[in-house]
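Biologist: Before the discussion begins, please display the sequence and the structure together. I shall then put a series of questions about helix packing and individual residues.

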Amino acid sequence: MTWQAWATVAVIVLAMALFASEKLRIDLIALLVLASLVILRIVTPTEALSGFSNEATVTVAAMFALSLGIDRSGALDPLSRWLMRIKRPWVLTLALMLAIAPLGAFVKNIALVATFLPLALRVCQRTGTSPARVLMPMAYAAQMGGVCTLIGTSSNLLADTLAQKHGLAPIGVFEFTRLGAILAVVGITYLMLVGRWLLPKEIDTQMPVQEEIGKYVTELEVTEQSSLIGGSIADAKLGERYGVYPLELLRGERRMWSPRSQEIAVGDVLLVRGDWEKIEDFQRRAGLRNAPDRRYATGDSRSRVMVELMVAPASPMEGRRLAETGLNWRYDAVTLAIHRRGQLLRDKLSDVSLAVGDVLLVLVDDEALSNLRNDEAFVVLSEREEAHRTPRKAFLAAAIMAAVVRRFQQAMQAQYPFVAIHSGRLGQGAPQERGR
């Protein structure tokens, strides 16, 4: 071999070692490989930059954008909520693989794994299971599903582009779905029967555990679609069914004298206490809405962030009520719930006088978040994106993804009529064309 061949082999081996070490980011390693080949004059600068103008690069970027849209729109939320109810790790592992493998054929692996990662970790933490026993099969399932379609992985798109550049017919969107599905079924079966004995059983003590602030108190308004209408709090058994605990029943400005036996009506406000995730689940399943956040719940589509905000020591907000803090007009923020350590709040949120150490769960406009971080009266403890997800957005994102797949099919059928995309195999005359 020539010295260029040996140099190329050396660069590839070094790149694989860097990939395995995980000391550098993957994209940085790729750029270092490209720069090394140019410096060694194995490829010319024009050849090195030609890949950035390749249509496969644009297609991959577009597919990542589509996958992000599927995730952000909440199209996967119903599936996530269903998986959240699973208690046993091995059942969760099987359910995750069966759900992720078909989705991986259309949604990028990174977006899929990132979507289901939090709920998988929560189940592992609750059951004392090693995360590797759930996360590794989940990652394998995403990869197995990705190879079932042309748009499932970036490598498939790149291979199709290179094939067309060399005069070969394009690869159909579902051309290797049959083989990919068979391999996915075999892989999932292997992971459930054999892989469970190979994966570590001990709990990883280094797994980061999110510290929970505590139980929040919030107000939930009864809507016309609520399943609680006509019954009482005692009949609803909120603690047993949803894990939240009612404190008061408010009707207008009145506190009901016997809240547990009082019949619930439209417009009533329940003052409840519990973990925020359980409160959200209760709100969704019982047909309620967050009373302080009526404006957000009725169609405001701006990007917002949910923030845990603590009243700082020596804060000028100490002793003030929420309306006097200026959070609503200064940062366009809505306070959803309050937590006070060592004390059970029973007042309406608007009537609570803040104390140092109180934690507010606030929904704030994304653009105003940087200003809120600089406010010395509060300390931002954590934040997570809370995109305004509606069924309309989820349906729109899914429809766009379906339209993209359909457009792929139509474009290749128009250019190469002999490719039988719908059947998943080549039609008459295809072998001759592929052998050109």
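Biologist: At roughly what angle do the axes of helix α5 and helix α6 cross?

Modeller: Please bear in mind that this is a predicted model. Helix α5 covers residues 77–84 and helix α6 covers residues 89–104. Their axes come within 10 Å, and the crossing angle is roughly 165°.

Biologist: Are α5 and α6 roughly parallel or roughly antiparallel to each other?

Modeller: Angles over 145 degrees count as roughly antiparallel. The axes of α5 and α6 cross at roughly 165°. The two helices α5 and α6 are therefore roughly antiparallel.

Biologist: Is the crossing of α5 and α6 right-handed or left-handed, and how many nonpolar residues does the contact have?

Modeller: The crossing in which α5 passes α6 is right-handed. From α5 the contact draws on Leu79, Trp82 and Leu83, and from α6 on Leu92, Ala95, Leu96, Ala99 and Leu103. By class there are no polar and no charged residues in this contact, and the nonpolar residues number 8.

Biologist: Turning to another partner of α6, which residues of α10 make the contact with α6?

Modeller: Helix α10 spans residues 177–198, and its axis comes within 11 Å of that of α6, with a crossing of roughly 170°. That angle makes α6 roughly antiparallel to α10. On the α6 side the contact is made by Trp90, Thr93, Leu94, Met97, Leu98 and Ala101, and on the α10 side by Ile188, Leu191 and Met192.

Biologist: How many polar residues does the contact of α6 with α10 have?

Modeller: Of the classes, nonpolar accounts for 8 residues and charged for none. Thr93 of α6 takes part in this contact, and a residue outside the nonpolar and charged lists counts as polar. The number of polar residues is 1.

Biologist: How far apart are the axes of α1 and α2?

Modeller: Two packed helices are described by the angle between their axes and the distance between the axes. For α1 (residues 3–21) and α2 (residues 26–39) the angle is about 165°, and the helices are therefore roughly antiparallel. Their crossing is right-handed. The distance between the axes is 10 Å.

Biologist: Which residues of α2 meet α1?

Modeller: The α1 side of the contact consists of Val11, Ala15, Leu18 and Phe19. By class the contact of α1 with α2 has 8 nonpolar, 1 polar and no charged residues. The residues met in α2 are Ile26, Ile29, Val33, Ser36 and Leu37.

Biologist: Why is the pair of Tyr242 and Phe282 described as tilted, and not as stacked or edge-to-face?

Modeller: The count of aromatic pairs comes to 1. The ring centres of Tyr242 and Phe282 lie 4.8 Å apart, and both residues are buried. Planes under 30 degrees apart count as stacked and those over 60 as edge-to-face. The pair is tilted because its planes stand at 50°.

Biologist: How many residues apart in sequence are the parts that this pair ties together?

Modeller: Tyr242 belongs to helix α12 (residues 238–242), whereas Phe282 belongs to helix α13 (residues 276–286). The pair therefore ties together parts whose separation in sequence is 40 residues.

Biologist: Is Ser232 buried or exposed?

Modeller: Ser232 is located in the loop between β1 (216–222) and α11 (233–236). Leaving aside neighbours within four places in sequence, Ser232 is in contact with Arg260, Ser261, Gln262 and Ile264. Its relative accessible area is 9%, and the limit for burial is under 20%. Ser232 is therefore buried.

Biologist: Phi is positive in Arg41 and in Lys237; which relative accessibility is computed for Lys237?

Modeller: Arg41, in the loop between α2 and α3, has phi near 60° and counts as exposed at 75% relative accessibility. Lys237, in the loop between α11 and α12, has phi near 50°. Lys237 counts as partly exposed, at a relative accessibility of 43%.

Biologist: What percentage of the residues in the protein chain is buried?

Modeller: The secondary structure of the chain comes to 19 helices and 9 strands. The chain has 436 residues, and the buried share is 42%.

Technical notes
Residues are numbered from 1 along each chain as its sequence is written. This is a predicted model: local features need pLDDT of at least 70, side-chain atom pairs count only at pLDDT 80 or more; totals for chains, interfaces and linings use all residues. Side-chain values use heavy atoms; hydrogens and water are left out. Axes are lines fitted to C-alpha atoms, for helices over the stretch in contact, and angles run from 0 to 180 degrees between N-to-C directions. Helices (H or I, at least four residues) and strands (E, at least two) are DSSP runs, numbered from the N terminus. Angles under 35 degrees count as roughly parallel, over 145 as roughly antiparallel, 65 to 115 as roughly perpendicular and the rest as oblique. A crossing is left-handed if the near helix is turned anticlockwise from the far one by less than a right angle, and right-handed if clockwise. Contact means heavy atoms within 4.5 Å. Rings of Phe, Tyr and Trp (its six-membered ring) pair if their centres lie within 6.5 Å; planes under 30 degrees apart count as stacked, over 60 as edge-to-face and the rest as tilted. Buried means under 20% relative accessible area, exposed over 50%, partly exposed in between (1.4 Å probe, protein chains only).
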